[in-house]
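Me: I would like a close look at one part of this model, with its surroundings described afterwards. Please treat the strand pairing in detail before turning to other regions.

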Amino acid sequence: PTCRSARALGLRMLLSLLYTLGVALAPLPLRRSRTALPRMCDQSSLSQPAQADAADAADALALHRRLKLRSEVEDEFGRALKEGLEVCAHSLRLYGPARVVTSFNGGKDAVAILHLMRAALAAHSEAAGGPRERLRVIFFEQRDEFPEVDAFVRDAVERYDLELCTYSDGFAAGLESCIADHGSAAFVLGTREGDPNGSGQGAFEPSSTWMPPFMRVNPVLRWSYAHVWQLLRGFALPFCSLYEEGYTSLGKQSDTEPNPALRLPDGSYRPAWLLDDGALERAGRSAKGGKAGGGGGGGGGGGAGAGPAQKGSPSILVLSALEGYAYDAGVRPGDRILQIDGRPISGARVEEVKNMLRGEPGTQVSLLLQRDGSTQEAIPIDVQRAEVRLPDVSLATMMAPRTGYVKLDGFSEGTAEELARAMVRLYASQRAAGEPLESLVLDLRDNPGGLLDAAVGVSQLLVPQGTDIVSTEGRVYGEGATLKYRSVQPPLLPPSTRLVVLVNGNTASAAEIVTGVVQDTDRGVVVGDRTFGKGLVQVVEPLPGGRSLKLTVAKYFTPSGRCIQAISYAKPPKPGAELKVAEPKADEAGSPTDRAPDAAPADGDDEGAARRRRRQESYTERSLQPNPVYLTSNGREVQTGGGIAPDVAAAGKPVGALERSLIRQGAFFRFASQWLREHEGTPTQQAQLLESTRGSDEAYRDFVRFARERYMAKRPASDASLASKPAAEAPSAASGAQKESPPSEAGDADGWVVQDKQLVEPLRALEKALSRDGDGQRTRSSSELKALRRALASEELSQFESQHSQIAADVREAVLARLLPPSERLRAFLRDDPQVLAALAVANDEARYEALLAPPAAYAPAFPGDDATARTTADASAKAKANLRSASRRSSLGSTARSDDPPGSTPPPTTPRCVASGGVARGRVWAA
């Protein structure tokens, strides 16, 4: 560093040392008497310990000094407190006090983050040398609120001079209003890992895609129940008096009771901080049917993924069972876990159940399960615990007599070895059958990518030895330098075996590297949709607290020299910017050819990926300039930017609005449970019944009736309330469709609630705006809105007829998911997959396959006799190709070929580098 920066660094260190000494030597504030506590509200809303010393907490800077001193103690609470203070301080430095809002609903966790933020804000203001700023808090009003909570919140606002923002339109709408009113960018929340929505979050977590964009800040994420009370009781911070009456988790009055674990023989309750087992924190809320468990199903010991069952249920629902682990032991998706090692799990949270399932590999865990459609009332199963590794090859099978199929789901350590073993098994099975393996379909659809060196390893199995696989260029390697990856081993796939790579709009990153090298070297044909278009390289650096930073360090280029990155982050956004793609070419007959059509992403593409792309496009732009043209090894034209266009376009299965809504709400999963309960028997008998024509038709009609009963309303109502209504509360089938036939469009739409998520929110907002009209001047508009709802409902119901085959297939898949192993189920559904059928059509047609990869006519090196004109034309074309490819890789390491080198000349070979981490400082390298 320069002398100036060194002096600045030394000054900062000196100031930090003096500040630390000042904190350590500063006398603690004297304890004030109770009479000195100003009576701002009814003292009954505060606990007695809080009344004694709450005045100390009024000085936020003094509180910060006390918290800092306690955080230096090397114990569990000290570390938790230190992390909480650091997270609060980081949020203020990142966004500024004016753009940070603290959630304050009056609960114990909210009190904890309130005082952490008060202390952090006081220290932040002192360090900035400015006046102390007011802390902005947000309070979401609800009709069924405890009056003690409301009184406590109002008292705290006055006591600590808080800026209060209150909203009564719900959590998401309130946040959106707060962002619009105050420009808020970060919301400090009291989420802890044991909470229902705390699973999988970090200290800084972007908002969910269905919410307005903001940053979640979770200072107490890793705190335990005991840590919260150590803070509140240890620092005499006021909290709501309900916690003295046995309440341990506060919600609405209608779903919250004192915790039964604190009940005394005389009927009274001990205070909340005396609860011995923090896992029972929410027991008082589950007693009235509130949420008793956490969210999402991660993997458990033995390969079982668990999720919360229905409200009030004494069980946990199995969402998935991995083949090779829990599935092989007898666990099935849809099972409900009743007991673990003889211990009932009624009221337990999902995280608790996961911890009970996990253990030392090789040990056993005993489960008692309940299964829909089983003749046994309860099923005992022993599962052996094991280290669970999710395979990247989810299926390897023969799809035709001489055509193999491999589904590759990701790129991680060992992916190349896993793919190699799968290919060897396919070759061995064909040799045993006396048949050759003539073609292979490599399915990279919905593959998000992963490790760059894994992509290089997979590519080496497919392309000839010495082939350039990918090159990366970035400042991390030095100005103007690149890092090239070249195949250093003979391919496992023989050159005579036809290769078809299947892709879609969710094929990204490392998967696009493999697709790019196959297309650029003309080793195979690419079939499907245009890929995602992610051409960046990143390294992962560890950060304190167990988090990591993924840093973009380079771009990667395919062998032809093109970068397929779709989104440019370098320029400011431009309204109306769109991706410009090439139009499909036409052959001599005027019809589109197989060569270069650009298919739009199918409706069936992952909705989450499409949403992420739309959000990115809101603050980035895509280039509108014509894309340069690059040439493959055979001289075929390919373009850069916007992903990789397939050689043969093939759309995926279309997904209509109604079908997408039913999938998102879990309607097919719930119906599968009902169908199995109504058709008891062995899995084989149930599968045979479903696969029969009569059984499949009846299953579809039953599902239509099930959907109508679940989503019908007795009168026009809000979509949200009805969409969440249990089936038991829905009207009977007599008010809707008859069982004998699907509902028709005429006369059946009056009670149907529109399910399309893209329509629900606008309709609700319009209805709310019209309801604010107090003078009755918008009666006609309200009437037309009702007519619009009926029209939309009628159109949506008609999709039961227009999408009969797609919805029936979803019904079949949902039921078979409970009956068949995952690999067998996937194999069964591939037979009806339109993109797989298109890939097989290319792989099985040798003439078409060769024609797709053949050089263009002007480039073909065919010289009849001594035709000098033909030879000159071909030489000129080849030289143009060599010039273009040489220029596009102008900065490749070790390349000495010039633009005027004769065609066919090759640069001296460089040292093969197939371990990507050799070119960066440290950390794991990902193709982003």
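How many bridges join E9 to strand E11 (residues 364-370), and do the two strands run parallel or antiparallel?

Reply: E9 and strand E11 (residues 364-370) are joined by 4 bridges and run antiparallel. The model is a predicted one, in which local features need pLDDT of at least 70 and side-chain atom pairs count only at pLDDT 80 or more, while totals for chains, interfaces and linings use all residues. Residues are numbered from 1 along each chain as its sequence is written, and side-chain values use heavy atoms, with hydrogens and water left out.

Two conventions apply to the strands. Helices (H or I, at least four residues) and strands (E, at least two) are DSSP runs numbered from the N terminus, and two strands pair if DSSP finds at least two bridges between them. In general, strands of a sheet pair through backbone hydrogen bonds, in either the parallel or the antiparallel sense.

Within the pairing of E9 with E11, Gln339 has Leu368 as its bridge partner. Gln339 also has a bridge partner in E10, namely Pro344. E9 and E10 pair in the antiparallel sense over 2 bridges. A further antiparallel pairing, again over 2 bridges, links E9 to strand E8 (residues 316-321); there, Ile316 stands opposite Ile337 in E9.

The connection from E9 to E10 is a hairpin with 2 residues between the strands. Asp341 belongs to this loop, which lies between strand E9 (336-340) and strand E10 (343-344). The phi of Asp341 is near 50 degrees, a positive value in a residue other than glycine. Most residues other than glycine have a negative phi. Asp341 is partly exposed, because its relative accessible area is 47% (buried means under 20%, exposed over 50%, and partly exposed in between, with a 1.4 Å probe and protein chains only).

Ser509 offers a second case of positive phi, with a value near 60 degrees. Ser509 is placed in the loop between E19 and helix H14 (510-520). With a relative accessibility of 1%, Ser509 counts as buried, whereas Asp341 counts as partly exposed.

E19, which precedes the loop of Ser509, takes part in an open sheet of 6 strands. The strand order of this sheet is E13-E14-E15-E19-E20-E25, and the pairing is mixed. Its edges are formed by strand E13 (393-400) and strand E25 (648-649), each of which pairs on one side only. Inside the order, strand E19 (residues 498-503) pairs with strand E20 (residues 525-528) in the parallel sense over 4 bridges, and Leu502 stands opposite Val527 in E20.

Two helices merit description as well. Glu418 is located in helix H12 (residues 415-432) and counts as buried because its relative accessibility is 9%. The side chain of Glu418 makes a polar contact of 3.3 Å with the side chain of Arg389. For this term, a pair of N or O atoms must lie within 3.5 Å; within protein, one must be able to donate a hydrogen and the other to accept it, and residues adjacent in sequence count only if both atoms are side-chain atoms. A polar atom of the Glu418 side chain also lies 3.0 Å from the backbone nitrogen of Asp392.

Helix H13 (residues 452-460) is mostly covered, with 8 of its 9 residues buried; among them are Leu452, Val456, Val458 and Gln460. Ala454, also in helix H13, is buried with a relative accessible area of 7%. The C-alpha atom of Ala454 is separated by 5.6 Å from that of Phe411, although the two residues are 43 apart along the chain.

Another long-range pair involves helix H5 (residues 108-128), where Ala123 is found. Ala123 and Arg65 are 58 residues apart in sequence and 8.9 Å apart in space, C-alpha to C-alpha. Ala123 counts as buried, since its relative accessibility is 15%.

The cysteines complete the description. The whole structure contains 0 disulfides, the term denoting a pair of cysteine sulfur atoms within 2.5 Å. For Cys178, the closest cysteine sulfur is that of Cys165, at 4.8 Å, and therefore too far for a bond. Cys178 is buried at 0% relative accessibility, and Cys563 is likewise buried, at 11%.
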